[in-house]
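Student: I have a new structure open and want to learn how to read it. Can we start with how helices pack?

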Protein chains: 2
Amino acid sequence: MATGFPILTLEDIVPLCDPSEITKAVQDALIRHAQGKTVSPPPVQLEFPEAQGDCHIKTGYFRGDRYFAVKVATGFYANPSRGLPVNDGVTMVFDTHTGTPVALLRDAGWLTSWRTAAAGALAAAAGAPPGACTLGIVGTGHQAQLQAEWIAEHLNMERIVVWGRSADRAEALASALCAKGLTAVAVASIQELCAETRLIVTCTPSASAVVPTQAVQAGTHIVAVGADSPGKQELEPSLFARASVIAVDDREQCLHHGETSHALRERLLVASDVVLLGDILAGRAKGRLSADEVTITDLTGIAAQDVAMASLVLEKMQCRRDLDR
Amino acid sequence: MATGFPILTLEDIVPLCDPSEITKAVQDALIRHAQGKTVSPPPVQLEFPEAQGDCHIKTGYFRGDRYFAVKVATGFYANPSRGLPVNDGVTMVFDTHTGTPVALLRDAGWLTSWRTAAAGALAAAAGAPPGACTLGIVGTGHQAQLQAEWIAEHLNMERIVVWGRSADRAEALASALCAKGLTAVAVASIQELCAETRLIVTCTPSASAVVPTQAVQAGTHIVAVGADSPGKQELEPSLFARASVIAVDDREQCLHHGETSHALRERLLVASDVVLLGDILAGRAKGRLSADEVTITDLTGIAAQDVAMASLVLEKMQCRRDLDR
């Protein structure tokens with residue numbers, strides 16, 4: 001069955017994706033997004049309550065660029081009991097001049113996982129307090145592991161502490177990280193985690209706050225990754241009242257359904273309090289003003305990241321082909 | 001490059017798609033949608049002003065069914081000058097229990113074209129005045145031709161009159177229809193078209209009204225297909241004030257960006273004036289009350305149709321495979 005365009009499987013995609021190139025592409029995407037150079041309608045979410053599943057669809061393009069992408073990412077949380085991974089997904093790439101399909105990236109959700117980890121690493125670097133050398137990971141899943149690995153590498157962290165609602169899963173994640181040559185331990189409580197580190201990444205599917213404001217030390221930077229759709233929450237909203245810098249990947253998304261939305265609804269901030277992570281990365285806004293303040297970055301995931309990933313894969317594929325000639 | 005799921009090209013799909021089965025599937029989809037048995041977030045539209053292009057993304061599923069679909073349909077109106085068709089598109093099908101991709105339908109936009117033509121035929125039948133035997137087609141493009149063919153077949157019309165802003169293209173469409181064994185003529189003006197028929201289908205990409213209210217005869221049924229996104233319009237809004245039945249494929253979409261939206265904005269109707277085409281098809285609402293009233297059906301295209309098309313293709317594919325064993 002000839003398709004008229006290339007279909008890349010995960011096996012094809014992995015060798016094309018270098019973490020440092022992904023991080024650069026995601027940084028560029030966040031900056032261009034902050035500068036209004038992207039076109040991206042609000043993301044679509046489809047819920048499957050009976051199957052404990054959801055599906056996020058994001059689409060967009062960079063003005064003047066060649067490709068637009070439609071990214072479909074699924075998360076079905078009962079899949080492990082069927083022997084299937086929670087996450088799956090595909091990205092379809094089209095030509096912005098003709099609408100013609102250009103490629104199908106059958107990445108099984110990994111492009112989304114990587115661009116999310118890359119954004120986490122960039123956000124961590126943008127707000128980490130001086131001298132932070134221990135990373136706190138709240139959550140024990142697939143994305144928690146990726147965040148730990150990417151941030152440890154990107155910020156050269158010495159040590160990782162892990163906490164999750166399941167102690168067994170926290171131990172398993174710490175072991176998995178140690179097996180990768182990192183120094184990681186599970187801790188028994190969120191309070192203990194907060195006491196050990198001033199750089200915390202939350203990546204749980206929680207529907208209520210798991211990080212108590214009182215436990216958070218002065219000078220802590222929190223990157224909130226988990227709340228990417230209505231109903232999800234990881235931080236006590238009062239933490240926003242303590243924060244001197246609140247950065248977001250996208251203003252509308254974060255104020256609508258990100259971690260920030262809960263604080264907005266409780267009137268602990270106003271919309272104009274948030275700055276764009278892309279502006280911080282571009283040096284047009286500050287990520288941190290002093291060593292002892294609390295800062296928060298709220299990531300919901302934006303279409304610009306997905307377009308950047310798809311474009312990166314296609315460019316690298318093209319380079320390989322040119323080299324093979 | 002193994003993909004792990006079937007990719008069907010247009011060549012694979014065409015033999016699986018019988019017009020009467022498509023019409024039945026679309027009728028069922030419209031009825032289930034009217035009965036609240038579908039889950040479908042609002043459609044997404046991406047605009048490409050420099051390329052005169054747009055992209056519609058629709059997604060959804062029938063509660064309890066096996067598949068959900070993400071349908072991407074593009075229309076790039078400068079493509080013919082590049083030797084490319086205006087329309088293209090793909091449909092991705094996923095499992096509602098696991099989120100796993102099930103198939104990619106590389107249908108080049110034809111599934112959208114067919115389901116739109118099928119809805120037009122169903123809408124025409126649901127409101128046509130008694131004894132209508134001449135069909136009026138406003139528009140000269142790809143969808144205009146399909147509407148003419150499908151309605152002529154479904155309602156056994158004797159004659160088709162065609163009008164478009166380009167007289168040459170109207171002649172070309174009439175010739176193309178004659179070549180298919182139909183009786184068709186181009187007429188010189190929209191007034192002439194309205195005088196010749198009381199069953200009119202509009203399918204243009206117009207941004208302003210092309211059908212004057214005064215020209216429309218008593219007893220006319222109009223199916224408005226063209227206005228499927230903000231900024232498009234084919235009818236003078238005052239026609240809605242004359243209409244005794246206003247049917248829509250989807251209440252929110254039609255009131256937001258269908259033909260009906262213009263009349264709503266001009267306060268020529270209120271939201272509760274519209275009935276669902278699916279309710280008419282199910283016999284739960286009337287499509288016409290008397291022979292001399294004006295009736296309008298506004299079609300914007302709904303995700304339920306796309307899911308129904310994808311499911312039909314997959315079921316037929318499965319049947320073929322079973323037969324081949």
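Tutor: Let us begin in chain A of this predicted model. Helix H2 (residues 19–34) and helix H3 (residues 110–127) of chain A pack with their axes 9 Å apart, at an angle of about 75 degrees.

Student: What does that angle make H2(A) and H3(A) to each other?

Tutor: Angles of 65 to 115 degrees count as roughly perpendicular. H2(A) and H3(A) are therefore roughly perpendicular to each other.

Student: Which residues make the contact?

Tutor: H2(A) brings A:Ile22, A:Thr23, A:Val26, A:Gln27 and A:Leu30. H3(A) brings A:Trp114, A:Arg115, A:Ala118, A:Ala119, A:Ala121 and A:Leu122.

Student: How many residues of each class are in the contact of H2(A) with H3(A)?

Tutor: Eight are nonpolar, two are polar and one is charged.

Student: Now chain B. At what angle do the axes of H2(B) and H3(B) cross?

Tutor: Roughly 75 degrees, and the axes come within 9 Å. H2(B) and H3(B) are therefore roughly perpendicular to each other. From H2(B), B:Ile22 and B:Val26 are among the residues that meet H3(B). On the H3(B) side, they include B:Trp114 and B:Leu122.

Student: Where else does H3(B) come into play?

Tutor: Look at helix H4 (residues 142–155) of chain B. The axes of H3(B) and H4(B) come within 8 Å and cross at roughly 45 degrees. That makes H3(B) oblique to H4(B). The crossing of H3(B) past H4(B) is right-handed.

Student: Which residues should I pick out there?

Tutor: On H3(B), residues of the contact include B:Ser113, B:Ala117, B:Gly120 and B:Ala124. On H4(B), B:His142, B:Leu146, B:Trp150 and B:Ile151 are among them. By class, the contact of H3(B) with H4(B) holds nine nonpolar residues, seven polar and no charged.

Student: Let us move to sheets. How do strands of a sheet pair?

Tutor: Strands pair through backbone hydrogen bonds, either parallel or antiparallel. Now the case in chain A. Eight strands form an open sheet there, with parallel pairing. Their order is E10-E9-E8-E11-E13-E17-E15-E16.

Student: Which strands stand at the edges?

Tutor: Strand E10 (184–186) and strand E16 (274–276) of chain A. Each has a single partner strand, so one side of each is left without a neighbour in the sheet. From one strand to the next, the twist averages 20 degrees.

Student: How do I follow one pairing residue by residue?

Tutor: Take strand E9 (residues 159–163) of chain A. E9(A) and E10(A) pair in the parallel sense over three bridges. Within E10(A), A:Ala184 stands opposite A:Ile160.

Student: Which helix packs on this sheet?

Tutor: Helix H4 (residues 142–155) of chain A does. H4(A) touches strand E8 (134–138), E9, E10 and strand E11 (199–202) of chain A. The direction of H4(A) makes about 165 degrees with that of E8(A).

Student: What is the strand order of the open sheet in chain B?

Tutor: The order is E10-E9-E8-E11-E12-E15-E13-E14, again eight strands with parallel pairing. At the edges stand strand E10 (184–186) and strand E14 (274–276) of chain B. Neighbouring strands are turned by 20 degrees against each other on average, direction ignored. E9(B) and E10(B) pair over three bridges in the parallel sense. B:Ala184 is the bridge partner of B:Ile160. H4(B) packs on this sheet, touching E8, E9 and E11 of chain B.

Student: How are two copies of a chain related?

Tutor: Two copies are related by a rotation about an axis and a shift along it. Here, a rotation of 180 degrees with 0.0 Å of shift superposes chain A on chain B, with an RMSD of 0.0 Å. The two copies are thus related as by a two-fold rotation axis. The C-alpha of chain A nearest the axis is that of A:Val44, 3.8 Å from it.

Student: How many residues does each chain give to the contact?

Tutor: Chain A gives 39 residues, and chain B gives 39 residues. On the side of chain A, strand E5 (67–76) is one of the elements giving two or more residues. E5(A) gives the most, with five residues. By class, the residues on that side are 22 nonpolar, 13 polar and four charged.

Student: Why do we say the copies meet through the same surface?

Tutor: Because 100% of the interface residues of chain A are also interface residues in chain B.

Notes:
Residues numbered from 1 in each chain as written. Chains lettered and ligands numbered in written order. Predicted model: local features only at pLDDT ≥ 70, side-chain atom pairs only at ≥ 80, totals over all residues. Contact = placed C-beta atoms within 7 Å. Helix = DSSP H or I, 4+ residues; strand = E, 2+ residues; numbered from the N terminus. Nonpolar A, V, L, I, M, F, W, Y, C, P; charged D, E, K, R; others polar. Least-squares fit on C-alpha atoms with pLDDT ≥ 70 in both. Pairing = 2+ DSSP bridges. Axes fitted to C-alpha atoms, helices over the stretch in contact; angles between N-to-C directions. Parallel < 35°, antiparallel > 145°, perpendicular 65-115°, else oblique. Left-handed = near helix turned anticlockwise from the far one by under 90°.
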